[in-house]
Structure formats: structure tokens, C-alpha cells
Amino acid sequence: MKRSTIWILTVVMAIALLGLLAMQIMYLEKMVAMRNSQFSEVVMRSLYSVSNMLEQDETKYYLNKDLAETEEIYSGLNQNKFNFDNKQKAKIDTTLNTNEQPKANVRPANLPTLQDLNDSYQLKQQALKEHYLHQQTLLNEVILTILNHSSDRPIEERADSATVANYLRSELEFNGLTMPFEFAIESRANGIVYKTNDYSPMSQEDIYKLTLFPNDPKNKQNTLCVTFPNKSDYIFKSVKFLVPSLAFTFLLLGVFLYTISVAFKQKKLSEIKNDFINNMTHEFKTPISSISIAAQMLNDDSVRKSPEMLKHVSGVINDETKRLRFQVEKVLQLSLFDRKNATMRLEEEDANASIYSVINTFKLKVEKYGGHIEANLDAEDPIINVDRMHFTNVIFNLLDNAVKYRREEVPLSLEVSTINPDEDHIQITVADNGIGMKREDLKKIFEKFYRVSTGNLHDVKGFGLGLAYVNKMIDLFGGSIRAESEVNKGSKFIITLPLYK
């Protein structure tokens, strides 16, 4: 798959997933806002009901008070009226139930006339009217008392904490809110009059307020303040069904990003594999060709008859075989370490001695290109715990890279030094004056198969395994390696290893 195709698919899928995620987040925000609005509406409706019940309680208080004062006055009047009615009824019943039959056209003397009955009815109607007017007067007096003097009563009596708590609880439960709440009564003039023990709102947005007894003078008005400590949990529970959907979307986004990352890595590995095959072909082609030519020369009788020529040809075959074996070993060694199956033979080793041995072997190759190599092995404590073969290969790889990436117009200059930066470590530095590297290359040079672009240097061959192998070995030795470089000024590799204790 082409890189451009991968990028197009990435952009399309990213837009789709981000759009889906944005819509879910917007929907979640709207749901939370709607739940908050519904919650506030229910709470305020409950507060209005509590306020009405407190006003009704106050009205009952003044009615009971007024009725208690006038009860004795009306009790006597009602008793007299009751006696009068009973006497009239008894008189009529006695007349109607007498055993003596009245004579024809003779009217009993004690039977009430229609005028008497009419007068009695008029008296009752007048009494009821007077009683109604008196009750209306009493009600008006109670209303005036409430309007003029109710605000003088302490708010603790008008709305005591137990009554308010009971009213709030019943109204909230009636409206479907069965959750803990805290409340306080706040006076406009004196601040909080009383509050529950845990009343401590975090912000004004958490407080639901309603003015109690709104007909009171403004300077005497009191406010009922209610908070819900578990409001956030309540709102979350009402929208938690959306959380799994949101989580799955995030999971899908993560899987998508991982898949795209793997696709790009596979694309990169595919390109590296092709480069590796091409480099390996070039690396193996030269020694194989040299061995092939030498083998053909051995078939020549004149070569076999000349001891010097025969020695030269056999030397070429031997050198090229070693070169071929070295390249194969580098590939196999890295493969083994990637599988973590390689066996390390760690032993006490003198770093100065090992490095000096490699420098002596490598000196001829450096002088072949008109360069020189300098050794400053100043570490007073050079004893380390390493695998001798792999440690010498590490130094050899760094020196070999310095030769490969030299500048043609400048004589090659190499310097290898050792010091003890502290009592527990040794620091090995390999520096050259070669072509150097860019800053972006320094971050990748220790990756497997990565090769720095060499511009016009077409004779530089390799698999991109040398520095990856070096980094792997140093890591297994318990140390670290870093590189410093500047284009056209050279590179410096600094290895830090723990001392053998």
C-alpha cells in the first residue's frame, strides 16, 4: 500500500472518529444540562410548596389565637339561642300531640300563629347575618394582624428547623428526590439565622434559594437556602448510560491510532527490508567475487607454480572469507540478541588493555587512508565486567564507522580515550573528524537497519546494524552510550560502563 493511500485513510478515519466523539460529548453535555434544569425545577417547586405550607401554618396560628380569645363570648350566646329554639319546638309539639280534639271552627289559645312563626324566622335570619358579619370582621382583623405584626415574630418560631426539615423532606420525596440535603435560613439583615450541621456550599451555584413570607417588609425578609452534597453523583447516575458508549469510542480511537502506527511501521520495515537486501547484496558481492576470481587463478598452472603468487591468492581468499564471515556474524548476533537467546560470557576485563589491542590491529587500516589514531587511556581503574569478544567488537565497530564516514579532503584523525568520571564508572570516548551527522539522525542511529544518508559517498556500504549491535551490547553490559556530532566536523561516541566490584 502506498504511503499516500495510508495517509488518506488515516485522515478520513480520524475525521469520522473525531466527529463521532465530538457529537457524543455534545450530547453528554446537553444531557447533563437538561438533568440539571430538571433537578432545579423539582427543587424550586418543592421550595414553593414549603413556603406555602409555612404561610398556612402562620395563618392557622393567628386564627387559633383569635378564636381562643373570643370563644367564651360566643359560647354563652350560642347556648341561649339553643335553649330558645328548644322551648319553641317543645311548645309546638305539646300542642299538636294533645289528646283533646279542638272543636270545629275553634282555634286553640296556645297554638302559635303564622305571624309568630314568621317573626321567629326573621329573628333567626337576623342572628345568622349578624354572626356572619361578626366572623367576617374577625377574619379581617386576623388578616390585618398577619400583615402588620407577623414579621415581628422571630423566624425561629415562624419556621422552626424541625418543621422546615420535615416539609422539605416530604415535598422532595413527593417530587421524586430521595437524597440528602442541607439547609439554612438566611436573614437579609443579620445573615444566617440557623443552619444544619453540614451546610457548607462550595459555591453560590450549589445553593437553591427562595424568600419565605414574601409579604414581609424587605428589611425583615428571610431566605430559605438548600444545598445537595450528592448532586453531582445524582446527575452522573442519570447520564451514566452514556459513559460506556464514550469509553468504547475512545477505545476505538486508540485502536485506530495503534493500527495506523503499525501500518506506518510496517511500511517503514518494508522499505528497510528492501534496503537491507540491497545492502546485503553489495556487501556479499565483493568478497564472493574476490574469492571467485582467486579460485579461477588457482586453476592457472603458472599461479600454482609460483609460490609467491599462490601465497598471495590464498591470502586474498582467507581475507575475503573472514570479511564475509564477519558480515554474516553481525546479522546472526543481532538476531540472537533480539530473541534474547544469546549466551553472555561475562568476565573481569581490563578496558585499557582490550582497547589498546583493538587500536593496534586497526592502526594499519587507518594509516592506509593517510590518517592516524591516538590513544589516551588515562582511566586509573579500568577493570570492567564484560564479554571480551563482544566488547572488542563494540570498539571495532565504532572505529570502522569512523573510517567509513571519513572526509576525503581531510586526513582522518581518530582519538580513543578512557577516564574515570567517578569511583564507580569508566568512560570510553571514540572521536573522529569525519562527515558528522545531523541532529535528526542522532535520534535514530542506534535503531536497527537505520543508515545515515552519506550524500555523494557511494562507497559506504553496510546493513545499518553496527550501531544497533553496539547499543545492544552496552545495554547488556549495564552501561549507556550517547553520540555527539556536527556536520563536517566529526562525531563523538561516549560509552559509560560500571566498574567491576
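Hi everyone, this is a short walk through one sheet and a few salt bridges in the structure above. Please keep in mind that we are looking at a predicted model.

Let's begin with the sheet. It is an open sheet built from four strands, and their order across it is 2-1-4-3, with antiparallel pairing. Which strands stand at the edges? Those are strand 2, residues 191-195, and strand 3, residues 208-212. Each of these has a single partner strand, so one side of each has no neighbour in the sheet. If you turn the model, you can also follow the twist: on average, neighbouring strands here are turned by 30 degrees against each other, ignoring direction.

Now follow strand 3 to its partner. Strand 4 covers residues 222-227, runs antiparallel to strand 3, and is joined to it by five bridges. To find your place in this pairing, look for L212, which stands opposite N222 in strand 4.

What packs on this sheet? That is helix 4, residues 161-174, and it touches strand 1 (182-187), strand 2 and strand 4. The direction of helix 4 makes about 130 degrees with that of strand 1.

Let's move on to charged side chains. As a bit of background, side chains of opposite charge can pair when their charged atoms come close. How many salt bridges does the model have? The count comes to eight, and I'd like to show you three of the pairs.

Here is R388 with E347, where the closest N and O atoms are 3.9 Å apart. R388 sits in helix 10, residues 388-404, while E347 belongs to strand 5, residues 347-350, so this pair ties together parts that are 41 residues apart in sequence. Both partners are partly exposed: R388 has a relative accessible area of 43%, and E347 comes in at 31%.

Next, please find E408 and R406. Their closest N and O atoms are 3.6 Å apart. Buried or exposed, what would you say for E408? E408 is exposed, with a relative accessible area of 53%, whereas its partner R406 is buried, at 11%.

Then there is E484 with R482, a salt bridge whose closest N and O atoms lie 2.6 Å apart. E484 is partly exposed at 37% relative accessible area, and R482 is partly exposed too, at 43%.

One more thing before we stop. Salt bridges with shared partners link E347, E349 and R388 into one network, which brings us back to the R388 and E347 pair from a moment ago. Thanks for listening!

Terms used
Residues numbered from 1 in each chain as written. Predicted model: local features only at pLDDT ≥ 70, side-chain atom pairs only at ≥ 80, totals over all residues. Heavy atoms only, no water. Pairing = 2+ DSSP bridges. Helix = DSSP H or I, 4+ residues; strand = E, 2+ residues; numbered from the N terminus. Axes fitted to C-alpha atoms, helices over the stretch in contact; angles between N-to-C directions. Contact = heavy atoms within 4.5 Å. Salt bridge = Lys/Arg side-chain N within 4 Å of Asp/Glu carboxyl O. Buried < 20%, exposed > 50% of the residue type's maximum accessible area, 1.4 Å probe, protein only.
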